[in-house]
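Please open the structure in your viewer and keep the selection panel at hand. The tour below goes from one helix pair to the next, and says at each stop what to select and what is found there.

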Amino acid sequence: MGIPSFQTLTLPTFIFFFVSSYLLAYFRIFHNWDPKHRAEASSCFISLTHGTTAVFMAIHALTTHTTKSPSPPTFSSPNTFLHNTVLEFSISYFSIDLLHYLIFFPNDTLFILHHLATLYVFFTCRFIVQHGSFALLVLLILAEITSFCQNVRTLAGYRKADLPVAGKVFDLISLPFFAFYTIVRGIIGPLFVYKMGVFYINQMAGDSIPVWAWVSWMIVIVTAILISIVWVFDHWIDWFKRRKAMNKLA
């Protein structure tokens, strides 16, 4: 633990990748969309490039054991090179998406705070504490494994009013997405965070992760979990209302 070290070019490379992806989406892929949805769709596009990729990168990093640490990792294990690479990949994505919100949607306080909090956790883990990435990568998988469905549904929602096929995709994907999201964010996620909390509260991290770090991480993570649960609960209510309205029209 100490001064942040930038020993590789992975972070600037990833930042360049997400900037390029955003510009490609904004000026080419969605160039004929209306201005508001054009920016939102470009954000969805880089979220698509990040989400599923981050899941596979994190799984690979977690299942690759180094000779320096042959024992199973714990919530306080030192970060490996692969762990740090995944963290830098996500830091790059959230930085560019945060810039998107600051430019186009500066009043979207919730998303801006979410991105700032996520960047704080990833940055401190990667460059300051340099331990604890195992838990964060598991949470990253749980957070991003639903990303593909969520972004496809969001993109379809932007065009469902003028494209019938978009409306069909939106309706088709909503139920399985909500069910999957509920299982991952409402059941598996909280159980894993509970295990993290027990580990840290019982001081099993020792001196590897300072108290200020794990306390602040847990505050951010628990808050994110609660917001996710409220979000999906509200969408379930909306889905049932729409289904009820459709049944009355049938």
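**A tour of the helix contacts**

Helices α2 and α5 cross in a left-handed sense, and this is a good pair to select first in what is a predicted model. Select residues 35-63 for α2 and residues 133-144 for α5; the two pack at an angle of about 145°, and their axes lie 9 Å apart. To see the contact itself, show the side chains of His50, Gly51, Ala54, Val55, Ala58, Ile59, Ala61 and Leu62 on α2, which meet Phe134, Leu137, Val138, Leu140, Ile141 and Glu144 on α5. Sorted by class, this contact of α2 with α5 comprises 11 nonpolar, 2 polar and 1 charged residues.

Keep α2 on display and add helix α1, residues 10-29, which packs against α2 at an angle of about 140° with the axes 8 Å apart. Because of that angle, α1 is oblique to α2, and the crossing of α1 and α2 is right-handed. On the α1 side, select Phe14, Phe17, Phe18, Ser21, Tyr22, Ala25, Tyr26, Phe27 and Ile29, and on the α2 side Arg38, Ala39, Ser42, Ser43, Phe45, Ile46, Thr49, His50 and Met57. The contact of α1 with α2 has 12 nonpolar, 5 polar and 1 charged residues.

Now return to α5 and add helix α7, residues 164-201, where the packing angle is about 175° and the axes are 10 Å apart. How do α5 and α7 run relative to each other? They are roughly antiparallel, because an angle over 145 degrees counts as such. From α5, display Ala135, Val138, Leu139, Leu142 and Ala143, which meet Val184, Arg185, Ile188, Gly189, Phe192, Val193 and Met196 of α7. By class, there are 10 nonpolar, 1 polar and 1 charged residues in the contact of α5 with α7.

While α7 is still selected, pick out Asp171, which lies in this helix. Is Asp171 buried, exposed or partly exposed? Its relative accessibility is 43%, so Asp171 counts as partly exposed. Then add Trp239, which is 68 residues from Asp171 in sequence but 9.4 Å from it in space, C-alpha to C-alpha.

For the last stop, select helix α6, residues 147-159, whose 13 residues reach 19 Å from the first C-alpha to the last, close to the expected 18 Å. Within α6, colour Ser147, Asn151, Arg153, Leu155, Ala156 and Tyr158, which are buried.

Note on methods. Residues are numbered from 1 along each chain as its sequence is written. This is a predicted model: local features need pLDDT of at least 70, side-chain atom pairs count only at pLDDT 80 or more; totals for chains, interfaces and linings use all residues. Side-chain values use heavy atoms; hydrogens and water are left out. Helices (H or I, at least four residues) and strands (E, at least two) are DSSP runs, numbered from the N terminus. The expected span of a helix is 1.5 Å times one less than its number of residues. Buried means under 20% relative accessible area, exposed over 50%, partly exposed in between (1.4 Å probe, protein chains only). Axes are lines fitted to C-alpha atoms, for helices over the stretch in contact, and angles run from 0 to 180 degrees between N-to-C directions. Angles under 35 degrees count as roughly parallel, over 145 as roughly antiparallel, 65 to 115 as roughly perpendicular and the rest as oblique. Contact means heavy atoms within 4.5 Å. Ala, Val, Leu, Ile, Met, Phe, Trp, Tyr, Cys and Pro count as nonpolar, Asp, Glu, Lys and Arg as charged, and the others, Gly among them, as polar. A crossing is left-handed if the near helix is turned anticlockwise from the far one by less than a right angle, and right-handed if clockwise.
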